[in-house]
Amino acid sequence: MAAWRLTAYGAPVSLQEVPVPVPAEGEVLLEVTAVGLCHSDVHLLDSPEPMAFDVPFTLGHEVAGTVVAAPGDPALVGRAVVVHGVWACGTCDRCRSGRTNYCTGRGRAVGGGIGRDGGLARYAVVPVGSVVDATGLAPEVAAPLTDGGLTSYHAVATAADRLPASGGRVVVIGVGGLGHLAVQVLRATTAAQVLATDTHPPALDLATRSGAHVVGTPDDLRAELAPHGGADAVLDFVGADATIALGVDLLGPGGDLVVVGSGGGSLDFRKGALPQGVRVSAPFWGTAEELAAVVALARAGHLVPEVEVIGFDDVPAAYERLRRGGVLGRLVVDPRHTGPPAGSSVTTRGQGGR
Ligand SMILES: [Zn+2]
Ligand SMILES: [Zn+2]
């Protein structure tokens, strides 16, 4: 089968012929039905230095599929699932305390698409413990839930204990593939007033459609927050110098700065340079249990990823679009769809489309 692979750091994504993988006990074989493309893929591809993960491996860490073989659990065959992307060991102290996204026993690879073979192919083998039932969701809706949805959900959960009972105020910086889902998670799971900002005008419209109460420039948000002494939490989905500085500026005392984006920015972490009592965190992805909660939110209509479905042959051009910036929502590949790019792209929103 054909697979889009990372063959060397700094090299273009490469289409290679690889064998259809065979599941062992404890694994399942999926026919991949949708794969979300992520900025992290571009970080991997473009890394000037070799990263910790051995190459080559097939990219694609936002995976939805149908189980076609399950040696240990034949009842799973035919089920529509999504894949939890952190292939945790299940036995370390972190895993035993339910924090599988911070597993210390999984080795260097994170999971499929990040150090192990991922979903940018017709078939993928994944651990049986990584699959979460996604029955009833369209594949292009389900796939972005696994990273865009889950990482956003976990970031919101990270800040939840800082929100007052009355709801408080939460700022979302960067309304892209993750940020627009964070707005929706905040609306669905908290009583907070949600304020969102982005430098890309269509992203501001997406923030409004996603349910943000206040959408605008940093100055607009500053004016809105001033009477309240600042935000209770800021979720930064960019993570650049400028957005981290903006986050600190918008936070009130005792607030929570949650840096999700891998923009390479830094923070002057000195007492006196930050609001009193501020907490800074850099959460990573989320747990399989949280992914099940995310799927439930989507089934209930609370999470509606903004997606653009593209064909398997369009992957290099899609990564180029991610590099350039300005992609609205998530680009999702249907590996079953190959052929010339012309006419192969359709835009869907929610559970419509194919
Ligand atoms: Zn990702
Ligand atoms: Zn572990």
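**Two pockets, a zinc site and a small sheet**

The second largest pocket holds about 250 Å³ of space, a pocket being an open set of points on a 1 Å grid over the protein atoms alone, where a 1.4 Å probe fits, with protein on both sides within 12 Å along at least five of seven lines, and lining residues having an atom within 4 Å of a point; the volume is the space filled by probe spheres set on the points, which are joined across faces, edges and corners. This is a predicted model, in which local features need pLDDT of at least 70 and side-chain atom pairs pLDDT 80 or more, while totals for chains, interfaces and linings use all residues. Residues are numbered from 1 along each chain, ligands are numbered from 1 in the order written, and side-chain values use heavy atoms, without hydrogens and water.

Among the 19 residues lining the second largest pocket, Pro-21, Trp-87, Asp-117, Ala-124 and Val-125 lie nearest its centre. Strand E9 (123–127) gives the most to this lining, with five residues; strands are DSSP runs of E of at least two residues, and helices runs of H or I of at least four.

The largest pocket encloses about 1,300 Å³, and of its 49 lining residues the closest to the centre are His-39, Phe-237, Val-238, Gly-261 and Ser-262. Helix H1 supplies the largest share of that lining, five residues.

The zinc ion (ligand 1) has as protein donors Cys-38 (SG), His-61 (NE2) and Asp-147 (OD), at 1.8 to 2.2 Å, where donors are N, O and S atoms within 2.8 Å of the metal (3.2 Å for Na, K and Ca). Both Cys-38 and His-61 are buried, that is, under 20% relative accessible area with a 1.4 Å probe, protein chains only.

Key. Buried < 20%, exposed > 50% of the residue type's maximum accessible area, 1.4 Å probe, protein only.
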